[in-house]
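Please load the model in your viewer and keep a selection panel at hand. The stops below are meant to be followed in order, each with something to select and something to look for.

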Amino acid sequence: MIIFRYALLRGIRNPASMAVNCIIPIILMFIRPFWIDGATGFFFIAFAVMSGAYLMSLSILTDKTDGAIVRILAAPITMRRYLTENLLACMVPLLVQVLLVSLLGVALYDWGLTLSIVVFLCYTVLTLASVAMAFAWHCLFKSKDASNAGFGFIVTLMAFLSGFIFPLEVFPGIIQYIGAIFPAYWTARALHYVLETGVINGVFWTSIAAMLVFAAAFLLYGSKRRIV
């Protein structure tokens with residue numbers, strides 16, 4: 001697991017990554033109005049997960065642009081091993097963040113067992129989908145500047161069309177459903193439903209399944225792209 005340890009250390013030593021993966025989510029959990037009125041806090045955590053996934057996986061693009069991946073693969077290391085260990089290293093800090101959010105919700109806002117499990121499961125699956133999406137995204141670019149600019153636009157679009165910030169009903173017609181092409185839409189759908197009804201049923205599990213499908217599709221696409 002040499003690549004895993006190296007990728008993990010490289011990610012957590014990045015100040016921006018550490019801020020998004022640890023400091024900001026903890027601060028957000030202590031801002032009480034975010035968690036009392038509406039789902040504002042849940043949106044910010046989802047945004048932190050997606051941004052953290054992008055920042056943690058940026059090392060793959062860095063290895064690609066500076067030629068380090070060629071030297072790495074010259075050793076007895078397969079591409080599958082390189083990608084698997086890098087993606088696992090991306091997920092570890094994010095899963096720690098998700099666990100902290102769930103525990104702080106219980107401690108600070110008396111989340112019940114159902115809600116804490118729902119939050120943990122939703123953000124865990126979102127983490128997987130976000131890491132897979134970031135990986136597929138990096139495979140499209142040859143420079144970090146282009147990747148950063150494009151991803152910033154995509155995240156902004158997801159924020160507006162996911163249903164976290166504005167109710168989807170405020171958008172006309174088919175625009176309400178465009179957000180369904182992003183994992184964040186299904187996260188918002190699952191959380192909103194459980195928060196409103198207190199019930200875990202087919203709507204919730206359909207949303208979880210949709211995020212898993214996205215994760216599989218992104219991983220499949222990224223694995224088929226040449227990154228050397």
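Select α10, residues 183–197, which with six residues gives the most to the lining of the largest pocket in this predicted model. Together with α10, helix α9 also supplies at least two residues of that lining. The pocket itself has a volume of about 390 Å³, and of the 17 residues that line it, the closest to its centre are G163, L168, E169, R189 and H192, so that set is a convenient selection for centring the view. Colouring the lining by class gives 10 nonpolar, four polar and three charged residues.

Stay with α9 for the next selection, since this helix covers residues 175–178 and contains Y177. Is Y177 buried or exposed? Y177 has a relative accessibility of 54% and therefore counts as exposed, the cut-off being over 50%. Extend the selection to I174, I175, I178 and I181, which with Y177 form a nonpolar patch on the surface, and whose accessible area together with that of Y177 is about 500 Å².

I181 leads on to the next stop, because it is also one of the residues that line the second largest pocket. Select the other members of that lining, M133, A136, W137, L140, I154, F182, F218 and Y221, and look for a space with a volume of about 150 Å³. By class this lining has nine nonpolar residues, with no polar and no charged ones. Helices α7 (113–138) and α11 (202–224) each supply at least two of its residues, and the largest share, three residues, comes from α7.

Now turn to helix α6, residues 79–109, and pick out L83, which is found in it. L83 has a relative accessible area of 11% and is buried, because the cut-off for that class is under 20%. Adding S223 to the selection allows a distance to be drawn: the two C-alpha atoms are separated by 8.4 Å, although L83 and S223 are 140 residues apart along the chain.

Remaining on α6, finish with the enclosed space. How many cavities of 30 Å³ or more does a search of the whole structure find? The search finds one, and its volume is about 30 Å³. Select N21, C22, P25, I26, M29, Q97, L100, V101 and L104 to display its lining, to which α2 (15–29) and α6 each supply at least two residues, with α2 giving the most, five residues. This lining divides into seven nonpolar and two polar residues, with no charged ones.

Methods. Residues are numbered from 1 along each chain as its sequence is written. This is a predicted model: local features need pLDDT of at least 70, side-chain atom pairs count only at pLDDT 80 or more; totals for chains, interfaces and linings use all residues. Side-chain values use heavy atoms; hydrogens and water are left out. On a 1 Å grid over the protein atoms alone, a cavity is a set of points where a 1.4 Å probe fits but cannot get out, and a pocket is an open set with protein on both sides within 12 Å along at least five of seven lines; lining residues have an atom within 4 Å of a point. Grid points are joined across faces, edges and corners, and a volume is the space filled by probe spheres set on the points. Helices (H or I, at least four residues) and strands (E, at least two) are DSSP runs, numbered from the N terminus. Ala, Val, Leu, Ile, Met, Phe, Trp, Tyr, Cys and Pro count as nonpolar, Asp, Glu, Lys and Arg as charged, and the others, Gly among them, as polar. Buried means under 20% relative accessible area, exposed over 50%, partly exposed in between (1.4 Å probe, protein chains only). Patches are made of residues with over 30% relative accessible area and no salt bridge: like charges are joined within 9 Å, nonpolar side chains (Val, Leu, Ile, Met, Phe, Trp, Tyr) within 5 Å. Accessible areas come from the Shrake-Rupley method with a 1.4 Å probe; for residues, only the protein chains shown count as cover. A salt bridge is a side-chain nitrogen of Lys or Arg within 4 Å of a carboxyl oxygen of Asp or Glu.
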